[in-house]
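Here are some notes to read alongside the structure, for anyone opening it for the first time. Keep the view open and follow the points in order.

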Amino acid sequence: MRLRLLLFLLPLYTVLVALAAQVRLSNPALFVACEATILASAVLTWRFYRGLVQPVRLIEAGTAALAAQDFNLKFVPVGQPELDRLIGVYNQMLDALRQERIGQHEQSVLLERLIGASPAGILLLDFDGNITSANAAAARAFGQPAAALRGQPVAALPPPWGPTLATLAAGEPATLRLPTGHTYRAAAAHFLDRGFQRRFVVLEELTQEILAQEKQAYEQLIRLMAHEVNNSIGAVNSLLGSFRHYAPQLAATDQPDFTQALEVSMARNTQLADFVAGYARLVRLPPPAPHPLDLHQLLRDLGHLLAAQSATQGVAWHWELASEGPLPIVADSQQLTQALLNVTKNALEAIGPGGGNVWVRTTAAPPTLTLENNGTPLTPAVSQRLFTPFFSTKRDGQGIGLLLVRDILRAHGFAFRLEMGANGRTAFSVRLTM
């Protein structure tokens, strides 16, 4: 526009000057008047040109500032009413944009810090279901760094996470039990991004809450059951013991049956007392008393203890120890032995009488133990109920073996997992350090 205006004015003034020059000799007075008029017109044209170009320059500068997202550039009034109104509207718009941008930045920083500090895991997904952001709590839940989670499809997460989160509907939370004994509740919802819906997932750990509720419930049940059963068994066994004195008064042919019936009844009562005592030990589990011990020696003793049962079943033990020497750890030897004994007994029961294999593997840094067996594999339904009070896959199982293992290892601060490996073996692994 400026160029077109100059191309219009320059030829016009050239013609005017040329016409005025024609009367310079014939009419000097008219020449002077023409020159004065042309000069005054040029001054007015220059002022008009500046007044016309100044708003254009302001618009150019404002457009460049907006394109650079620089909301700090403001203009001062120039004394032209029309231009000053434009400058006032522009400055007011910049103030509003700057305040809105500052507010959005502050809210974004606050939201990021809240998400980062949240005890609940939070996953943000893109439109294709890939993870775009994960906070620290989510990284701990998955056992992976947050950077490694970014870009992964949520369906590709290890089970039970992937299959559950990929099909999780908004408003329909799901509960997941992990091979580590932890329990999570997952819930999905949506938010708007550029006018389209995106999903996010919230993972709330319920482990401590559920453990406290479970323990309170089964402690009350076990105490009541132990009190009633033990009182009854004591009185019944006392009466049965007294009946032995009446045996000589019976006919000789009846005495063996009578005595055998008493012995069977008392033995069955004793078995019932032992059965209840198993539950009572779970309730009265004392805090661990850690002390230095050799993990390799503990495992060898465990192998000797189960050697006879293993030979009867045809189970072969394979030892893959970190070294021939000791592997020092700090733990309560009695409680850790009980926990590992329960795990190995479960392995032998999973193998059954047809024979199989047990692998014992250790590493030194950090001290870890892995027990694998190729017995009956764990199904997804069973995996979700492991470490649940009184749940057992055995017909006569009490459902407290793995519960005792869980409580002992958690009291020590040892992380553990019980799951099906990629090789089809059932693997129990525990990291023997806090």
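**A walk through two sheets and a helix**

1. Let's begin with one pair of residues: N373 has T426 in β12 as its bridge partner. Keep in mind as you look around that this is a predicted model. The strands behind this pair are β10 and β12 (residues 426-431), which run antiparallel and are joined by six bridges.

2. Two helices pack on the sheet here. Helix α9 (residues 295-305) touches β7, β9 and β10, and its direction makes about 165° with that of β9. Then there is α13, which touches β11 and β12 and whose direction makes about 145° with that of β11.

3. Now step back to the whole sheet. In what order do the five strands of this open sheet come? Reading across, you get β7-β9-β10-β12-β11, and the pairing is mixed. At the edges are β7 (315-320) and β11 (415-420), each of which pairs on one side only. From one strand to the next, the twist averages 10°.

4. Have a look at the loop between β9 (356-363) and β10 (368-373), because you'll find P366 there. The peptide bond joining A365 and P366 is cis, with omega about -5°.

5. Next comes helix α11 (residues 333-351), which has 19 residues. From its first C-alpha to its last it reaches 27 Å, close to the 27 Å expected at 1.5 Å a residue. At the N-terminal end, D332 acts as the cap: one of its side-chain oxygens lies 3.1 Å from the backbone nitrogen of Q334. Just after α11, G352 takes a positive phi of about 80°.

6. Which residues of α11 are buried? They are Q335, L336, A339, L340, L341, N342, V343, T344, A347, L348 and I351.

7. We've met α13 on the sheet, and α11 meets it too. A pair of packed helices is described by the angle between their axes and the distance between the axes. For α11 and α13 (residues 401-412), the axes come within 9 Å and cross at roughly 145°. The crossing is left-handed. On the α11 side the contact is made by Q335, L336, Q338, A339, N342, V343 and N346, and on the α13 side by G401, L402, L404, V405, I408, L409 and H412.

8. G352 is worth a second visit, this time from the side of Q313, which sits in helix α10 (residues 307-313). A polar atom of the Q313 side chain lies 3.0 Å from the backbone oxygen of G352. Leaving aside neighbours within four places in sequence, Q313 is in contact with L348, G352, P353, G354 and G355. Is Q313 buried or exposed? Its relative accessible area is 14%, under the 20% cut-off, so Q313 counts as buried.

9. There is another open sheet to find, also of five strands, in the order β2-β1-β5-β4-β3 and with antiparallel pairing. Why is one side of β2 (131-134) and of β3 left without a neighbour in the sheet? Both stand at the edges with a single partner strand each, so there is nothing paired on the other side. The twist here averages 25° from one strand to the next.

10. Zoom in on one edge of that sheet. Strand β3 (residues 174-177) pairs with strand β4 (residues 183-193) in the antiparallel sense, over four bridges. T175 stands opposite R185 in β4, while R177 has T183 as its bridge partner. The hairpin has five residues between the strands, and G181 takes a positive phi near 90° in it.

11. Last, a stop at helix α5 (residues 146-149), where A147 is found. A147 has a relative accessible area of 53%, which is over the 50% cut-off, so this residue counts as exposed. Along the chain, A147 and T132 are 15 residues apart, and their C-alpha atoms are separated by 9.6 Å. In the loop between α5 and α6 (161-166) you'll come across P160, and a cis peptide bond with omega about 5° joins P159 and P160.

Terms used:
Residues are numbered from 1 along each chain as its sequence is written. This is a predicted model: local features need pLDDT of at least 70, side-chain atom pairs count only at pLDDT 80 or more; totals for chains, interfaces and linings use all residues. Side-chain values use heavy atoms; hydrogens and water are left out. Two strands pair if DSSP finds at least two bridges between them. Axes are lines fitted to C-alpha atoms, for helices over the stretch in contact, and angles run from 0 to 180 degrees between N-to-C directions. The expected span of a helix is 1.5 Å times one less than its number of residues. Buried means under 20% relative accessible area, exposed over 50%, partly exposed in between (1.4 Å probe, protein chains only). A polar contact is a pair of N or O atoms within 3.5 Å; within protein, one must be able to donate a hydrogen and the other to accept it, and residues adjacent in sequence count only if both atoms are side-chain atoms. A crossing is left-handed if the near helix is turned anticlockwise from the far one by less than a right angle, and right-handed if clockwise. Contact means heavy atoms within 4.5 Å.
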